[in-house]
Amino acid sequence: MTSRARLIQSAERLHLTVEALEPESTDALASRLLRRELDIVAGPGLVVTVHRGPVAAVQRFEDGFADETSLGALDAGELMSGVIDEVIAGYYQLAESIQQEIDALDRRALQGGPEVDILADIVDVRRRIGEIRRVLAPHRIALAALARPQMRTEESVGQPWPGLVDRLEGATSAIEALRDSLLGTYDIHMGRAAQRANNVMKALTLLSAVLLPSVVLAGIMGMNFKMPFFDDTRNFFVVVAIMGSFAVALFVVAQRRRWI
């Protein structure tokens, strides 16, 4: 078997190799992806699929025709197109599952506290998107060759469905859109981190502003000079009251101006 999608044509045969990507577990979210290579050979009156282990796309194709009585009316090209379309449909399903995971990351980024760090999850999702793009890209050449006029095989195999190329382009666009969605998630995460940092700086700035008059007053009162004011110990409470008044006044101003 080859390691990437390709098309080989002979006088009466079409040999197309495609690769399907499937989640390792039933839970598609955050699951490792497995590459399933599938060889499809179409000839007069027959379509043969060769693969190692179960392939979900082939199983879906078989299940779709479980109760279908007109299966025998399809030629080899149409059957081949049906299997390929199911492989492409698997990429649409992957795009949908990853989009759901990105939506979940968005919710965590918006609702989570300072202890929530989704950067590792973003990197993991980005890695899987890149893996899907690398596996999907070679199919463009193979399916585009299948739709060329010089590849017409109506007499021997039957003409494959030309809409496969459009289906593939749609899947590629869906995968590309995931990258933009993931960048949006990163922007949300960094925006929330910046907001938390701003809130901390705002609290520290307000605390400094509230305490600054008291610090200045304490410095003045601690200067080494003699005044009758210092002879009366009750004035200590007067100074403390003045400090408290300054703090309360600044706090009220901050609230009215919506600094806090």
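In the predicted model, a network of salt bridges links Glu101, Asp124, Arg127, Arg128 and Glu131. Within this network, Arg128 pairs with Asp124, and the closest N and O atoms of the two side chains are 3.0 Å apart. Both residues belong to helix H3, and because they are four residues apart there, about one helical turn separates them. The two partners fall into separate accessibility classes: Arg128 has a relative accessibility of 2% and therefore counts as buried, whereas Asp124, with a relative accessible area of 26%, is partly exposed.

A search of the whole structure returns 12 salt bridges. Side chains of opposite charge can pair when their charged atoms come close. One of the salt bridges joins Glu19 to Arg35, with a distance of 2.8 Å between the closest N and O atoms. Glu19 is located in strand S2 (residues 14-23) and Arg35 in strand S3 (residues 33-43), so this pair ties together parts of the chain that are 16 residues apart in sequence. Glu19 has a relative accessible area of 5%; as this is under the 20% cut-off, Glu19 is buried. Arg35, by contrast, is partly exposed, at 45% relative accessibility.

A further salt bridge is formed by Glu176 and Arg133, whose closest N and O atoms are 2.8 Å apart. This pair links distant parts of the chain, since Glu176 is placed in helix H5 (residues 164-221) and Arg133 in helix H3, with the two positions 43 residues apart in sequence. Glu176 counts as partly exposed, at 29% relative accessibility. Arg133 is likewise partly exposed, its relative accessible area being 31%.

Helix H3 also contains Leu119. With a relative accessibility of 34%, Leu119 is classed as partly exposed, because that value lies between the limits of 20% for buried and 50% for exposed residues. When residues up to four places away in sequence are not counted, Leu119 touches Tyr186 and His189. The C-alpha atoms of Leu119 and Met190 are 9.6 Å apart in space, while the two residues are 71 residues apart in sequence.

Another set of contacts involves Met243, which is situated in helix H6 (residues 235-256). Apart from neighbours within four places in sequence, the residues in contact with Met243 are Ser214, Leu217 and Ala218. For Met243 and Ser214, the C-alpha to C-alpha distance is 4.9 Å, at a sequence separation of 29 residues.

As to aromatic side chains, the structure holds one aromatic pair. This pair consists of Phe236 and Phe237, with 5.4 Å between the ring centres and an angle of 75 degrees between the planes, an edge-to-face arrangement. The angle is over the 60 degrees required for that class. Phe236 and Phe237 are both exposed.

Regarding confidence, the mean pLDDT of the protein is 81, and 87% of the residues reach 70 or more. Confidence is highest in helix H3 (residues 119-136), at a mean of 90. The lowest confidence is found in strand S1 (residues 6-9), where the mean is 78.

Conventions: Residues are numbered from 1 along each chain as its sequence is written. This is a predicted model: local features need pLDDT of at least 70, side-chain atom pairs count only at pLDDT 80 or more; totals for chains, interfaces and linings use all residues. Side-chain values use heavy atoms; hydrogens and water are left out. pLDDT is the predictor's confidence in each residue, from 0 to 100. Contact means heavy atoms within 4.5 Å. Rings of Phe, Tyr and Trp (its six-membered ring) pair if their centres lie within 6.5 Å; planes under 30 degrees apart count as stacked, over 60 as edge-to-face and the rest as tilted. Buried means under 20% relative accessible area, exposed over 50%, partly exposed in between (1.4 Å probe, protein chains only). A salt bridge is a side-chain nitrogen of Lys or Arg within 4 Å of a carboxyl oxygen of Asp or Glu.
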